[in-house]
Amino acid sequence: MSSASLQPSFDPLPGMGAIPHAHGVAFRVWAPNADKVSVIGTFNDWQAETDDCVHEENGYWYADLSHAKPGDEYKFHIVNGEQQLQRIDPYAKIVTNSVGSGVIPALDLFEPPKNHFQMPAWNDLVIYEMHIGTFNTEEGKVGTFDSAIERLPHLKALGINAVELMPIAEFAGDYSWGYNPAHPYAIESAYGGADGFKRFLTAAHEAGIAVIVDVVYNHFGPSDISLWQFDGWSENDKGGIYFYNDWRSTTPWGDTRPDYGRGEVRQYIFDNAMMWLGDYHADGLRYDMTLYIRSVEADAQDLIAEGFSLLQWINSEVQIRHPGKITIAEDLQNSAELTLAKEHGGANFSSQWDAGFVHPIREALIEGDDAHRSMHAVRDALLNQYNHDAFQRVIYTESHDEVANGKQRLVSEIDPSDRPNRYAIKRSTLGAALVLTAPGIPMLLQGQEFLRDQWFRDDRPIDWQRAEEYADITTLYRDLINLRLNRAGHSAGLSGQHTSVYHVNDNDKLIAMHRSKEGGAGDDVVVVFNFAEGRKENYVIGLPQGGEWKLRFNSDATLYNEEMDETPSGDISANEEGKDGLGYSAPITIGAYTCLIYSQDK
C-alpha cells in the first residue's frame, strides 16, 4: 500500500515545496501535465510511488509525510505517459548542489530578525556592489558569506551603508557572476547557503549596512535547471510549463524566458521576491536587465505586456508590505516609466541604474585628449533625472557590467599598466567625486576605493594587499562619503533634491555645481570640477551666498596620493559682484583633474 492512503485527515497546509511542521513534512508541487507524482528521498530510500501525492485542483499535487524530517534530501518523481522524471523542487530553499537534491529546511529557517535595523532614507544611501565569490577569498577557494563578513569593518569605516549583492541564488558550478540561476529559491551552496546568508545579513545590519539582493527574472538557467520541461510537457521542443514555448522564449541566454502570462509562473516569481524581503529580511532588490522582461528583443518592438504588469505587481506589493525597502531596475534605456508610479502607468520601481550618467561620465574621464572632453555632456549627465526626483536613479562609474565584456576599470582604461599613472589616479578619483556629489544614489564597485584594476572576472578575487598599498585613496573615498552623508553637519545639500550646474566652460573644461536641500549655511554646497591638465588660478565662479566658504575637500592633496599635485587651494570669501546668475562670486585656484568642494559653517 502506498502512503498516499495514509495522508493525514486534517486540512492541507498552505505553501509550496517542502513545508516542515511539528508532525512531519508536507510537500506541494505544480505539475499540471503529470499523471502521477510522488515524493522520493532519503526517508524512503528514493523509492518512487512509495509516498504518492494526491492531485489537488489546477495541477497541484500534495503529500504530508510523518516520516520525513528537516535535513532529509528529496525530489519529486513525476510520471507523464512513458516518461519517468526526477525533479528538484522548484521552491527548494536548500539544495546539495545545482544538480543534486533538495534538502528539507529546518522549521526555523525563517525566523524574526536578530536586530532591529532601519534602512537609511534613499537619498542617504551609498551602495557598494559586491560579488561574494570574489570579495574576500582564501587562495584557491571561492569567497563565502562568512569570509565577506570579515571585511564588513572595512566597509563600515569607509562609510558604506548598503551593499548590493550580485545574484546569490544557486547556479551551475562554484564560480559564476550569478546571472545563471539554476534554483531561484536556494542560496548558492558554495557561498554558504541559507545559513551563511542569514549570518551575513545579521552582521551587515549590526554594522549599519543594508543588504540589497540582485535577482534574475528575465531568464532562468540556462544550465542545471530542473524547471526545464518540468512535468514532461513542452511545445516546439522548448521549456515547458515555466517558460514561453513560442518566439517569446528567445533571450540572449537561450530559450529561457519565464512565461509571465501564466498565473502559476507569475506567482512563482512574486513569491521569490517576497522571500528575500519578508523571510530573509533583506532590504531591497535589484532586478537584472528588466528590458528583457518587458520586451523580447530589447527594443520598443515586441513588448511583453504581462512582463511589465508583473513588475508593477511585485513592486507595488513591496511598497505595501515592506515600506522603506528599495527596488532598483537595471533597464539602461533612460526610461522614466520604470520609476513612475503604477497609478500613472509606470513599473513602480524605487530607482534605476542610470545609463544617462555612467556612459557620458566614463567617456569624459577615459578620453585622453582634453580638447575632446565635452562639458555639456557632463552637465547633462549631472542633471539627468526621472520624474523630477533626483534619487530615482543610481549613479556610478563602475559596475560589474561596465568593467567587463571588453571594458575595464577606469584606472585601467586610462592607463593599462599594473601601477596606474598620475592621469589614471587623478581622473578616476575625479570620477569618484562626480559620483559622490552628483544628484542620485551613488554606487561603488568592490575594490574601486583602492584602485582595483583590469576587468571583473568571477575567478579573479579582490587583492586586499592593494587596499594597503592604496590606503590613502580609500581615505579620499571615505572623506567624500562623509561629506555626502553630512557627517560633520556642513554638507546637507549633497543629499538634497536641488541641483544647478551653473557654470559650464567647455574651453577651459571646468564645471561648477550647486547642491542644496533647503539652502543656507550648512546646506548649500558648491562643487567645482576641472577636467583638464594645468592649474587655474584666480578663476572666478559665482556663489549662492555671501561670506566665507570653507574648502572641505581637495582631490589634488598629496595626503591622498603622492601623484597628486598639491595645488594650493583654500577657503574663499565671497564678494558682492554677481556671476553665473548668482549674487556673489570669488576667485579660486584649482589643480589639474581636480574636484573642490566648498560649504559654509552654520
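Modeller: Let's fix one term first: two residues are in contact when they have heavy atoms within 4.5 Å of each other. Keep in mind as well that this is a predicted model.

Biologist: Okay. Which residues of α11 and α13 meet?

Modeller: On the α11 side you'll find I425, S428, T429, A432, A433, V435, L436 and T437. Their partners in α13 are I473, L476, Y477, L480, I481 and R484. Sorted by type, the residues of this contact come to 10 nonpolar, three polar and one charged.

Biologist: And how do I describe the way the two helices pack?

Modeller: In general, two packed helices are described by the angle between their axes and the distance between the axes. Here α11 covers residues 422-437 and α13 covers residues 471-484; they pack at an angle of about 20°, with axes 9 Å apart. Angles under 35 degrees count as roughly parallel, so α11 is roughly parallel to α13. The crossing of α11 past α13 is right-handed.

Biologist: Zooming out, how many helices and strands does the protein have?

Modeller: There are 13 helices and 26 strands. For overall shape, compare the radius of gyration with what the globule rule gives: 27 Å for this protein against 25 Å for 602 residues. Those values are close, so the protein is as compact as a globular protein of that length. Along the principal axes, the C-alpha atoms fill a box of roughly 95 × 45 × 40 Å.

Biologist: What share of the residues is buried?

Modeller: Of the 602 residues, 61% count as buried. You can also look at how far apart in sequence the touching residues lie. Among contacts between residues at least 6 apart, 70% join residues at least 24 apart.

Biologist: What about oddities in the backbone? Where is there a cis peptide bond?

Modeller: Look at G221 and P222, which are joined by one, with omega at about 20°. P222 sits in the loop between β13 (210-215) and α5 (263-279).

Biologist: And which residues have a positive phi without being glycine?

Modeller: Two to look at are D580, with phi of about 60°, and Y593, with phi near 45°. D580 belongs to the loop between β24 (572-574) and β25 (584-590), while Y593 is in the loop between β25 and β26 (594-599).

Biologist: Is each of them buried or exposed?

Modeller: Buried means under 20% relative accessible area. Y593 has 3%, so Y593 is buried. D580 has 25% relative accessibility, so D580 counts as partly exposed.

Notes. Residues are numbered from 1 along each chain as its sequence is written. This is a predicted model: local features need pLDDT of at least 70, side-chain atom pairs count only at pLDDT 80 or more; totals for chains, interfaces and linings use all residues. Side-chain values use heavy atoms; hydrogens and water are left out. Axes are lines fitted to C-alpha atoms, for helices over the stretch in contact, and angles run from 0 to 180 degrees between N-to-C directions. Helices (H or I, at least four residues) and strands (E, at least two) are DSSP runs, numbered from the N terminus. Angles under 35 degrees count as roughly parallel, over 145 as roughly antiparallel, 65 to 115 as roughly perpendicular and the rest as oblique. A crossing is left-handed if the near helix is turned anticlockwise from the far one by less than a right angle, and right-handed if clockwise. Ala, Val, Leu, Ile, Met, Phe, Trp, Tyr, Cys and Pro count as nonpolar, Asp, Glu, Lys and Arg as charged, and the others, Gly among them, as polar. The radius of gyration is taken over C-alpha atoms; the globule rule is 2.2 Å times the number of residues to the power 0.38. Buried means under 20% relative accessible area, exposed over 50%, partly exposed in between (1.4 Å probe, protein chains only).
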